[in-house]
Amino acid sequence: MKALSKSKAATIYEVARHAGVSIATVSRALRDSDLVTEATRARVRAAVEALNYTPNQLGRSLAEGRHAANGIVFPDLTGPYYAEVVLGYEEAASELGRSVLILTTHGRRDAEAAVLDLAGRVDGLAVMGNTVGDDTVRAIAATGVPLVLLARPPVDGIDTIRTRNERTATALADHLVAHGHRRMVFVGDPEAAPDMAGRYAGLAKALRACGLPRPECRPCSYDVEAGERVGAALMADPPDAVVCANDEVALGVHLAAEAAGRSVPDDLAVTGWDDVLAARFAGLTTVSQPMRELGATAARWLDQRIGERNAGPERATPRRRVLPTQLVVRRSCGAHPVENTDPLGGTA
């Protein structure tokens, strides 16, 4: 696997601004698409010449053959979640005879241009989370490059693979309520990613159904250190349960509780999400999701779409898949309560 370096050349965005058109129109003009008028095509060519823009070979690669490479775009590569997804993606791609180019957008000012450039180097592209906006996704799709979206809301006409979030978060909340927990805090940022929004929504929905207040939200980044910082701030007046957006944050909260002399689960419950290896050793109640399957499915779908594209121009119906997740109960939320059909009853 190779990481891509940042390009310093003129970008397709600059060409679009110079010509007064969209990036999708630039892509079509460079491919001599019949959808672009001759006058617009001339403006785009003039902008290309003025900016000394070197096209990313996207149209040429589509016409002349395959790169034998797939791309994948991540928000970041830190942490076990992304590592598991990329392992699944790379393993499946390798079995299909393809190499993988990886691009991360974290901290990049030229994220959209970099993703568009990557699209010209590969036969198919997987885009994960909120790395680029829907307009950029549509611009790539307009060029004919097969696309699969991961862990983000669907875009019309494009394959999408997600994992179940809201429903399993509701099951997690029901389990905590059955333990007698009433005051809960969600540690994570629902605004940062669609997955996080779904987890918070499921938690809030379950508590509302039980007549309990909406959970407080403490946004943070998704690593152990961030969990420790938020956890330390919560320990002065700990809630009944801390529901964390991922396992790394949960492990950090667990460490903060221990440092403050608080017992998990006696003084507070702590839960995570993902079911990484460390969560199992820590006895962390969490949600298991098929991270490798998410990546592997994307690679296989792309290979199918590449074959369909090479076979003819007919556009296939976009696919939507939601992979199941599962609540995994361990000791971090206490002994499993006796069965109780009333989650607010006194026997839980």
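Here are three short exercises with worked solutions on this predicted model.

**Exercise 1. The parallel sheet**

Task: Find the order of the four strands in the open sheet, and work out which strands stand at its edges.

Solution: Start with the order, which reads E8-E7-E9-E10 with parallel pairing. Next, look at the two ends: strand E8 (216–218) and strand E10 (269–271) each have a single partner strand, so one side of each is left without a neighbour in the sheet. From one strand to the next, the twist averages 20°. Now zoom in on one pairing: strand E9 (residues 241–244) joins E10 in the parallel sense through three bridges. Within these strands, Val243 stands opposite Thr271 in E10. Finally, add the helix: H9 (residues 194–209) lies across E7 (184–187), E8 and E9, and runs at about 170° to E7.

**Exercise 2. An aromatic pair**

Task: Classify the geometry of the pair Phe74 and Tyr82, then decide whether each residue is buried or exposed.

Solution: The model holds three aromatic pairs. For Phe74 and Tyr82, the ring centres are 5.7 Å apart and the planes meet at 70°. Planes over 60 degrees apart count as edge-to-face, and that is the class of this pair. For burial, the cut-off is under 20% relative accessible area. Phe74 has 0%, so Phe74 is buried; Tyr82 has 19%, so Tyr82 is buried too. To complete the picture, bring in Tyr81, which forms one aromatic cluster with Phe74 and Tyr82.

**Exercise 3. A charge over a ring**

Task: Find which ring the charged end of Arg319 sits over.

Solution: The ring belongs to Trp301, and the charged end of Arg319 is 4.4 Å from its centre.

How values were computed. Residues are numbered from 1 along each chain as its sequence is written. This is a predicted model: local features need pLDDT of at least 70, side-chain atom pairs count only at pLDDT 80 or more; totals for chains, interfaces and linings use all residues. Side-chain values use heavy atoms; hydrogens and water are left out. Two strands pair if DSSP finds at least two bridges between them. Axes are lines fitted to C-alpha atoms, for helices over the stretch in contact, and angles run from 0 to 180 degrees between N-to-C directions. Contact means heavy atoms within 4.5 Å. Rings of Phe, Tyr and Trp (its six-membered ring) pair if their centres lie within 6.5 Å; planes under 30 degrees apart count as stacked, over 60 as edge-to-face and the rest as tilted. Buried means under 20% relative accessible area, exposed over 50%, partly exposed in between (1.4 Å probe, protein chains only). A charge sits over a ring if NZ of Lys or CZ of Arg is within 6 Å of the ring centre and within 35 degrees of the ring normal.
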